[in-house]
Structure formats: structure tokens, C-alpha cells
Amino acid sequence: MSADLAPREPHSESAESGAPTLTTLVARAEELYRDYRLEAVRQWKARTGGLAVGYLPIYVPRELLAAQGVLPVGLMGGRDDLEIIKGDAYYQSYICHIPRSTIELGLNGSLDCLDGLLFPAICDVIRNLSGMWRMLFPGQLVRYLDVPQNFAPEIGGRFWRHELEALASDLAARGARPLEPEALRAAIAAYNVNRALVRALYALRREQPWKVPTSELYVVLRASLVLPVEESTAMLADYGRLVLAEEGRRPMDQARVLLSGSFCEQPPLGLIKTLERAGCYIVDDDFVQIHRYLRGDIPLAGDPLDNLVRAFLDDGIASPTRYIADGVKGEELRQRSRESAAEGVLFCAPSFCDPALLDQPMLVEAVERDAIPWTAFKYSENSGQFQVIREQAGTFADAIKLWSGA
Ligand code: SF4
């Protein structure tokens, strides 16, 4: 399937053709985003008899899981409508919210359809959560996925390949198919198409942000986390075609902003909508980063496991959770600001998120070198009041429109 978003036939007759309309597609995506109990995953398991393995943000090699017939299921904590009853008891008050909601979902049975959980190395909170999970759910496969911070193939590459082989063995021991090169190559090809579609949607939003509201794109990206790659690809492709064919959306006098810092715990959907209503076009962001963690396609020729390893080493984005030599931090943000023609940067990070907040001063310094205006605020995934943020973002957008000379 091509990653081209150009419309084929307009999807206006959904009842007759079975094709989604923009409204039904976004409604379906939001339903999947809101489904704590992972009904789509339960249905997939009932249909296929396969294993489903969850993963925390930011990056796991989904291709490897898919090649072994395992459904990778992206977990991004709770939202503003999950009542935390027991999860708070596991964490001090100065820890972010995502581990509390993840524990809550585990304890209330929402995740009992998962055969295991992967905890990629993001920060100490996730590392500790992996230990708790091991104790709380002894029957599940629990792996702390240590990612290399040395990017030399003979050091970090060797280590990462060993980690992936160990993961593949663990999955096979649980009943997954053994990892075969051809299956891995096919999975890589499928995810290449999927990632290319996400890149194309991000490019379209940069060019015509009024066509692709972030609050809509966001739920489509979240829905993709619980679908097999083929279904996710179909949803992304349909969404791209439908927004291109949509003629009712006209440009408005909004400020173009890049949103930075929301790569792990996610803001509630209401906050994203609030930013848009406050006069911001979000033209680039850090949301649901697994879709864009690798910048380009993974090559298909040669040893596919080596290609997966090299993609992580050579093609990963400048995530705050990845070691970047002094003096380079913030360069990628400057570049993204230029590419997206952002008129301002919103530093929008979860409260108590060390990786985001420790990087922020360096990122601020970087955007100030380009005289890009910025503002900062924090959130929690269960924030319910947005009035203050609405006023702050609205004032920021107004200031850009009035004084940036745009
Ligand atoms: S939100 Fe930040 S501190 Fe919390 S688990 Fe994620 S990366 Fe770690």
C-alpha cells in the first residue's frame, strides 16, 4: 500500500460502501482511545488465539513482536476519567501520574487480556514500575527493555541485538512463533508503510493544519496502538484520504505552535482541544512518539534483525531519554521548528517528569537562539481544569499574531 495520501474515491456513501466517513472514523478512533478494557485486543485474541503483549512509552521493536505473531499493544496510562483508587498508594506524591494509572488498570483487571508487559528504559519511574509489575502479576511475562545509550554498532549494537534475541526467546517460550528472518522482514515492511503514513499525515498537518486538527490526528494515533499493523495502516490511510477530500475546513487566523515535552504521560484530550480553541494550530508535537521514533524506513535487504538494531542506533529521534552529546541538545527542536514554520513553542510536560523537565532549560536556550517565542505549563493525564491553560495559550497565540510580524 502506498503511503501517498492523495484521495482515490470520495468516501461519502459509507452506508452503501461500508467505507468510513470522517465522522465515523474519528468516532471509532476515539472509542478505541477511550477503551480501558482493550476490547479490540480481546477480540483479536479470540479471533487469532495469539499472544498480546503491552508496552509502555516510548519505543519498543513492534516489528519483532508482530513477526512472532504477537500483537503489540501500546499503553499510555489513564485519562481524566479513570478513578485512581489503589494506584496512588504505590507512589509518593512527587511522582508523575502514569505509573499510578497503569497500576490501577492492572489491579482493576483492565489489562488481564495481556500476556506480558514490556517496560522500555525511559526513566527510574518506569524501571521501578517494572519491578512492581513482576511482583504484582507473577504469571505475566515482564521485561525491562534496556536500550543502549552507546550507539556504536560493535558496542550498543551488539548489546541491543542480544536484548532483542532474549526478548524473542522469552516470547517463544510463552507460545509465540520462533523469530524467523522472513517473517521479521515482512513485519518491518508493514511497519515501514505504517510509519510513512504517519509521516505523511504530519507533513500534511504542517502544510494545512486546518485540515488535520491535532485532537483528531491524536485519537487516530492512539487507536493505532491497540490495532494490528494492517488495521492501523488502513485507518491511517483512510483518515488521510478523508481529510484531503474534506472541503469544509478553511484556514483560520491561528498561531502555528510546536508542542514539546509530552512524549510519555499524555495530556488529556480536553487539553489538546483547549489549545486549539485558544487559537493554536499544533504543527508538530511529541505525542505517541513510537509512531515517529524512527525517522525513516528500515531497510529490507540483508539481515532483518541487524537492520532493526541499526535503525535504533542510527535513525532514532533526539528523544530526551536518549543520550545526546553536550552542545547538540535542542538542535533537533530548532530544526523541527524551522521545518514546521512554528511561530512559537509550547513546552507542555507532565508534572514531575524528570526527562522532560531536566531537558527544558536546554531546549529553551536552543529556541531562544532563533528568537522563537515560547511558553511553558505542566499537566497531569487526569487534569480536568483547563481555564488557566486556555488563558495562557490564548494570550500566547494572540501575542504571536499581534507582534511576530506574521
Ligand atoms: S512521565 Fe516522565 S517521569 Fe513519568 S514515567 Fe514518563 S518519562 Fe518517567
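This section describes the overall dimensions, domains, sheets, ligand shell and local backbone features of the structure.

The structure is a predicted model, in which local features require a pLDDT of at least 70 and side-chain atom pairs count only at pLDDT 80 or more, while totals for chains, interfaces and linings use all residues. Residue numbers start from 1 along each chain as its sequence is written.

The C-alpha atoms of the protein occupy a box of roughly 60 × 55 × 45 Å along the principal axes. For 406 residues, a compact globule would have a radius of gyration near 22 Å, and the value of 21 Å for the protein agrees with this. The radius of gyration is taken over C-alpha atoms, and the globule rule is 2.2 Å times the number of residues to the power 0.38. The protein contains 15 helices and 8 strands; helices (H or I, at least four residues) and strands (E, at least two) are DSSP runs numbered from the N terminus.

The domain assignment gives domain 1 (1-34 + 198-249), domain 2 (38-179) and domain 3 (252-406), with bounds that come from an automatic or database domain assignment. A distance of 22 Å separates the C-alpha centres of domain 1 and domain 3. Their contact involves 14 residues from domain 1 and 16 residues from domain 3, where two residues are in contact if their C-beta atoms, placed from the backbone, lie within 7 Å. On the side of domain 1 that touches domain 3, helix H8 (181-207) and helix H9 (214-224) each supply at least two residues. H9 gives the most to this side, with 7 residues. By class, this side of domain 1 comprises 8 nonpolar, 3 polar and 3 charged residues. Ala, Val, Leu, Ile, Met, Phe, Trp, Tyr, Cys and Pro count as nonpolar, Asp, Glu, Lys and Arg as charged, and the others, Gly among them, as polar.

One open sheet is formed by 4 strands in the order S2-S1-S3-S4, with parallel pairing; two strands pair if DSSP finds at least two bridges between them. Strand S2 (71-74) and strand S4 (141-145) are the edge strands, each pairing on one side only. On average, neighbouring strands of this sheet are turned by 25° against each other, direction ignored; axes are lines fitted to C-alpha atoms, for helices over the stretch in contact, and angles run from 0 to 180 degrees between N-to-C directions. Strand S1 (residues 52-55) pairs with S2 in the parallel sense over 4 bridges, and Tyr55 stands opposite Gly74 in S2.

Another open sheet has 4 strands in the order S6-S5-S7-S8, also with parallel pairing. Its edge strands, each paired on one side only, are strand S6 (280-284) and strand S8 (374-379). The average turn between neighbouring strands of this sheet is 35°, direction ignored. Between strand S5 (residues 255-260) and strand S7 (residues 344-350), the parallel pairing runs over 4 bridges, and Leu259 stands opposite Leu346 in S7.

The shell around the ligand has 13 residues, of which Cys96, Cys123, Cys264, Glu265 and Cys353 come nearest; a residue is near a molecule or strand if its C-beta atom, placed from the backbone, lies within 6 Å of it. Domain 2 and domain 3 both give residues to this shell, so the shell lies between them. Helix H6 (124-136) and helix H14 (354-369) each supply at least two residues of the shell, and H14 gives the most, with 3 residues. The shell divides into 11 nonpolar, no polar and 2 charged residues.

Two local backbone features were also identified. Most residues other than glycine have a negative phi, and most peptide bonds are trans. Leu38, which is not a glycine, has a positive phi of about 55° and is found in the loop between helix H2 (22-34) and helix H3 (39-48). Pro57 and Ile58 are joined by a cis peptide bond with an omega of about 10°. Ile58 lies in the loop between S1 and helix H4 (62-67).
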